[in-house]
Structure formats: structure tokens, C-alpha cells
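Visitor: Please take me through one place where two helices pack together. Keep it close up, and then show me what else is worth a look inside.

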Amino acid sequence: MSGGTATRVQIPFVDLRVQHRELHDEIGRAVSRILDDTSFVLGSDVAAFESEFATYLASGDGAIHAIGVASGLDALHLALVALGIGRGDEVIVPAHTFAASALGVRASGATIVLADCDPHTMLLNVEGVKRALTPRTRAILPVHLYGRVCEMDPILALARERGLRVVEDAAQAHGARLAGRAAGTFGDAGCFSFYPSKNLGACGDAGMIVTRDPKTAEAVKRLRNYGQSVKYHHDVSGTNSRLDSIQAAILRIKLRHLDAWNERRRVLAARYDRALEGLPIERPAPAPPASHVHHLYVVRVPERDRVRDALLEQGIETGVHYPKPIHFHGAFSDLGYREGSFVESERAAREIVSLPLYPEMPDEWVDDVASTLRRILR
Ligand SMILES: *Cc1c(COP(=O)(O)O)cnc(C)c1O
């Protein structure tokens, strides 16, 4: 973690080593079992993890189907294709999100239409969606960014009224619940990433699509495996986006810890909230308790880059999620937006900084970050 002649990092932004040290032996046994039985792709651990994750998300109002795929990006792509969305269709995506939210739409062949974010939560809201609607709109893609569930009721009501599909990007919100419902289970499909640093992370790439509709589930199962329903019978032109057994086995072990890890994230976030009180810092907007799993703890500060540099000088790593709204990336210049198109998303990208937060981080580090910020901002 030391950066050559630069200051040694005393508080890393994230450190995955602690978690894996604790689970090392259990993971080792699972991997060794799979080496012996050699069902490396879509084996029994994949089916078991799919079923356990579906049960974890269920809330007693109907079964959830879960289909493992190779990544969060693939989950978005294949969920849209399974729902029949593609060329000529428009999908509304927040301008303030990780690029994969938009790239998933592009992979489906549909057109990306951006919407500005809420000034307080920085999430997609129904007002933004309404401004982005056109006669070609076919779907809305709410992103539960930072681990906080979007305000879903008005978005779902609008979708019902207009006959639109809702595909949730829940890649940062494993286990977040709003009024008892889990992120990913509100709309027609929910998409998860198990990239290593997510709240539930594999030891490599992995993803999941969840849906209440058995037909959508079957369609995704075909698409992830070359469009086959029966081996060597290719009904539709699919792709290879299969989850492998080793990742699934590791995720089964980790799923059992997810609620405790999310609770620990909440404790640390609450500690930051108190410790940062009175500073010229905008803390995360208050959220219903279970609805936020604090994948990231994001504040807004004046002179963000100066503050980040000063923190790093004191050995504290931070992140920016994300430094550019979608329409500022070269990859999306063809969408035809310009500076000023989405002022709240642009302001967020200028002001935000993500402070260190992961379940194994000691309480005192929160206090250290807060007191360092207090000195810097004085
Ligand atoms: C991580 C992430 C993704 C993409 O997931 P991958 O598994 O990396 O493909 C998509 N959307 C959001 C919001 C993410 O944070």
C-alpha cells in the first residue's frame, strides 16, 4: 500500500484482505471440492447460489428467480434483451452513474436517453424520468447508486401508466430494502454485480439477474448459454455469459455474512454522519434505515480536488464516484448532449468525494478521517 516516495497510505479507501483472511480456510475448502468434482461452469454450486440469493431477496410476496451471469454489465444487457428491448427503443438512464449502466443499454441495441439526478439523493427520480420521456421510451433503468434504493413508488406508477419496463441496476445495493422489498425486486428485472469490491463480491467477475417472471428467467437462461434451451439446440442467438462454479461457491459462503457486513457499513456511516457534523460538508441525504447499504459514503465538499490532495498527504485515500457524468465521456458523445444538459449531475461530479468505508474498517479510522477533514477545512 505504500506509493514509492509518496506518503504511506495509513487509511486505505478499501482493503479486501481482511475479509479474505477471515474466510480463507472456508473458501479454500470450497475451491478444493470443486477441483475434485470438476463441474467448473454452471455446476451445482451455481444452481445453489441462484436459489439462495433468490430466497435472500424474497419478501413473501411471490417467488424470485435468479440467474447467474458473468458480470453486472452482462446482467443489464441480457435483462433488456430478455424483455424484448433493442434497436429503436429508448431506455432512460441517469446521467450520474457508473458507465456500465449506460453500456448495458447500448449492448442491447437500444438508445440511451439520459435523465438528470435528484439534487439531494443524487439518484434518478421521477421528475427526471418525466422530462426524458418520448413516444419511443420503452424502459426505465433506475440505479440504486451508492447502495441507496431509489424512490421506486412514483417510478413504478409512471411505468405502469405508460406501459414501460423497469430494469433496476442494483450492482451497489445487495440487501438494501425499501418498505420490506429488496433492491432488484421492484421492477421487471434486477441486475447485480459481484465484482470483488461490491457489498457482496466474488474473487473475480460475476453477476446476477433476478425477476419475478418465469418467462423472463427462462429467456435469460437461454441467452447466457449460447441461446440453447436444450444442448446443441440454439433457439435464439445468445452469448456466453455463464457463471462459474468457483465464484458461485465463494459467493454462497459470503452471502451468509452479507447482512452483518451491511449492518457494519450502516454503523460506520452513522459514525461519519455524527463526526462530520458542523463542517462545511454536505453529508448523504437521510434515508429510511434499511434502504441504504452504504456501498459508498459520498459527501460533497467545496474545492474537492484540493481536499482530496490534502487528505492523501495525511495518508488517507479517497475516491470519486464518478468524476464525469455519462454525457461527458467520449464513449457517449454521439448522444448529442452538451455541458449544461444535466446541471445536477454535472455539479455532483464536481463536488463529490467518497470517504473510506468497508465493513472491517475500525471505528477510530472514521474519527481520524473526520478530524483530518476538520483541520483541512478550517
Ligand atoms: C459495478 C457496477 C456495474 C457493472 O458491474 P460489473 O460486474 O463490473 O460488470 C454496473 N452498474 C453499477 C452501478 C456498478 O456499480
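Guide: In this predicted model, look at helix H1 (residues 17–37) and helix H8 (residues 245–255). Their axes come within 9 Å. They cross at roughly 135 degrees. An angle over 145 would count as roughly antiparallel, and 65 to 115 as roughly perpendicular. H1 and H8 are therefore oblique to each other. The crossing of H1 past H8 is right-handed.

Now find the residues that touch. From H1 come Gln19, His20, Leu23, Glu26, Ile27, Ala30, Val31, Arg33 and Ile34. H8 answers with Ser245, Ile246, Ala249, Ile250, Ile253 and Lys254. Sort this contact by class: nine residues are nonpolar, three are polar and three are charged.

Stay with Gln19 of H1 for a moment. Gln19 belongs to the contact with H8, and Gln19 also lines the second largest cavity. That cavity has a volume of about 80 Å³. Val14, Asp15 and Leu16 are among its other lining residues. So are Pro196, Ser197, Lys198 and Asn199. Arg265, Tyr358, Pro359 and Glu360 line this cavity too. By class, its lining has five nonpolar, three polar and four charged residues.

The count is two cavities of 30 Å³ or more. The largest has a volume of about 120 Å³. Its lining holds 13 residues. Nearest its centre lie Thr121, Tyr146, Pro284, Ala285 and His292. The lining of this largest cavity divides into eight nonpolar, four polar and one charged.

Methods. Residues are numbered from 1 along each chain as its sequence is written. This is a predicted model: local features need pLDDT of at least 70, side-chain atom pairs count only at pLDDT 80 or more; totals for chains, interfaces and linings use all residues. Side-chain values use heavy atoms; hydrogens and water are left out. On a 1 Å grid over the protein atoms alone, a cavity is a set of points where a 1.4 Å probe fits but cannot get out, and a pocket is an open set with protein on both sides within 12 Å along at least five of seven lines; lining residues have an atom within 4 Å of a point. Grid points are joined across faces, edges and corners, and a volume is the space filled by probe spheres set on the points. Ala, Val, Leu, Ile, Met, Phe, Trp, Tyr, Cys and Pro count as nonpolar, Asp, Glu, Lys and Arg as charged, and the others, Gly among them, as polar. Axes are lines fitted to C-alpha atoms, for helices over the stretch in contact, and angles run from 0 to 180 degrees between N-to-C directions. Helices (H or I, at least four residues) and strands (E, at least two) are DSSP runs, numbered from the N terminus. Angles under 35 degrees count as roughly parallel, over 145 as roughly antiparallel, 65 to 115 as roughly perpendicular and the rest as oblique. A crossing is left-handed if the near helix is turned anticlockwise from the far one by less than a right angle, and right-handed if clockwise. Contact means heavy atoms within 4.5 Å.
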